[in-house]
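Me: I have this model open and would like to talk through how it is put together. Could you take me through it step by step?

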Amino acid sequence: MTVFALRPAAVADPPVRSLIDVHLRDMHGLSPEGSVHALGAEALDVASVELWGAWDGAELAGVGALAALDADRGELKSMRVADAYRGRGVGRTILRHLIERARTLGMTSLWLETGSAPAFAPARGLYLSEGFVECEPFGGYSPDPHSVFLTRRV
């Protein structure tokens with residue numbers, strides 16, 4: 001089994017930017033315009049967001065971000081595994097890392113929004129298998145049939 005190195009990622013790094021751009025493009029292809037909540041590179045490049053990359057040597061296997069909602073709550077954003085690494089545990093590795101980061105930062109809960117379409121089923125399954133449960137919309141989100149909202153204690 002491959003061990004992926006997790007380290008802070010910078011949107012200025014070409015492989016990171018490319019994967020974020022692919023993610024954003026795919027999200028716009030899977031959900032109606034008003035239901036896409038994925039963050040682009042500029043929105044991820046702010047002090048309230050930690051962006052992490054999972055690396056297999058020099059290859060970027062995936063990214064994920066932890067955004068502070070407030071002192072106690074974090075939101076997972078822009079979780080994306082490179083196509084060549086799907087099914088190899090990258091998403092779970094990033095997710096567990098972000099949960100631990102939230103704990104280290106003193107957060108008590110994590111929240112996320114993901115899609116409700118069949119294409120999002122693997123992501124929903126991953127989150128549910130790591131202790132997330134469905135919840136009502138949070139933060140600035142509104143009810144949306146194209147969204148599923150999840151949370152878990154940290």
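Reply: What follows goes from the sheet to the helices, then to the core and the aromatic rings. Please keep in mind that this is a predicted model.

Me: Fine, sheet to begin with. How many strands are there, and in what order do they sit?

Reply: The sheet is an open one of 7 strands, and reading across it gives the order β1-β2-β3-β4-β5-β7-β6, with mixed pairing.

Me: And which strands stand at the edges?

Reply: Those are β1, residues 5–8, and β6, residues 133–134; each has a single partner strand, so one side of each has no neighbour in the sheet.

Me: How does helix α1 sit relative to that sheet?

Reply: Helix α1, which covers residues 14–30, packs on the sheet and touches β2 (49–56), β3 (59–68) and β4 (73–81), while its direction makes about 95° with that of β4.

Me: What about α3, which strands does that helix lie across?

Reply: Helix α3 spans residues 90–104 and lies across β1, β2, β3, β4, β5 and β7, running at about 30° to β3.

Me: Back to β2 and β3, in what sense do they pair?

Reply: They pair in the antiparallel sense over 8 bridges, and within that part of the sheet L51 stands opposite A65 in β3. The hairpin of β2 and β3 has 2 residues between the strands, and G57 takes a positive phi near 65° there.

Me: Then β3 and β4, over how many bridges do they pair?

Reply: There are 6 bridges between β3 and β4, again with antiparallel pairing, and A68 stands opposite G74 in β4. The hairpin that joins β3 to β4 does so through 4 residues.

Me: How many residues of β3 are buried?

Reply: Of the 10 residues of β3, 8 are buried, so the strand is largely enclosed by the rest of the structure.

Me: I also want to check backbone angles. What is the phi of S78?

Reply: S78 has a positive phi of about 50° although it is not a glycine. The residue is placed in strand β4, and at 7% relative accessibility S78 counts as buried.

Me: Further along the sheet, how do β5 and β7 pair?

Reply: Strand β5, residues 109–115, and strand β7, residues 147–153, pair in the antiparallel sense over 7 bridges. To give one bridge, T114 has V148 in β7 as its partner.

Me: Now the core. Which residues touch the most other members?

Reply: The largest nonpolar core has 38 residues, and within that core V16, L51, L76, V90, L95 and F132 touch the most other members.

Me: Take V16, what is it in contact with?

Reply: V16 lies in helix α1 and, leaving aside neighbours within four places in sequence, is in contact with A9, A10, V11, L51, W55, L60 and V63. V16 and V63 are 47 residues apart in sequence, yet their C-alpha atoms are 7.5 Å apart in space. At 0% relative accessibility, V16 counts as buried.

Me: R17 comes right after in the numbering; how does its accessibility come out?

Reply: R17, also found in helix α1, has 32% relative accessibility and therefore counts as partly exposed, since that class lies between the 20% and 50% limits. Not counting residues up to four places away in sequence, R17 touches V11, A41 and E42. The C-alpha atoms of R17 and G40 are separated by 9.0 Å, with their positions 23 residues apart along the chain.

Me: And L95, what is that residue in contact with?

Reply: Setting aside neighbours within four places in sequence, L95 is in contact with L76, M79, L126, Y127, E130 and F132.

Me: Switching to aromatics, how many pairs are there?

Reply: A search of the whole structure finds 6 aromatic pairs. In the pair of F4 and Y85, the ring centres are 6.0 Å apart and the planes stand at 80°, so the pair is edge-to-face.

Me: Which parts of the chain does that pair tie together?

Reply: F4 lies in the segment before β1 and Y85 in the loop between β4 and α3, so the pair ties together parts that are 81 residues apart in sequence. F4 counts as buried at 8% relative accessibility, and Y85 counts as buried at 8%.

Me: Which rings are linked into a cluster?

Reply: Ring pairs link W111, F138, Y141 and F149 into a cluster. The ring of W111 also has the charged end of R73 over it, 5.8 Å from the ring centre.

Notes. Residues are numbered from 1 along each chain as its sequence is written. This is a predicted model: local features need pLDDT of at least 70, side-chain atom pairs count only at pLDDT 80 or more; totals for chains, interfaces and linings use all residues. Side-chain values use heavy atoms; hydrogens and water are left out. A nonpolar core is a set of buried Ala, Val, Leu, Ile, Met, Phe, Trp, Tyr and Cys residues joined through side-chain atoms within 4.5 Å. Buried means under 20% relative accessible area, exposed over 50%, partly exposed in between (1.4 Å probe, protein chains only). Contact means heavy atoms within 4.5 Å. Two strands pair if DSSP finds at least two bridges between them. Axes are lines fitted to C-alpha atoms, for helices over the stretch in contact, and angles run from 0 to 180 degrees between N-to-C directions. Rings of Phe, Tyr and Trp (its six-membered ring) pair if their centres lie within 6.5 Å; planes under 30 degrees apart count as stacked, over 60 as edge-to-face and the rest as tilted. A charge sits over a ring if NZ of Lys or CZ of Arg is within 6 Å of the ring centre and within 35 degrees of the ring normal.
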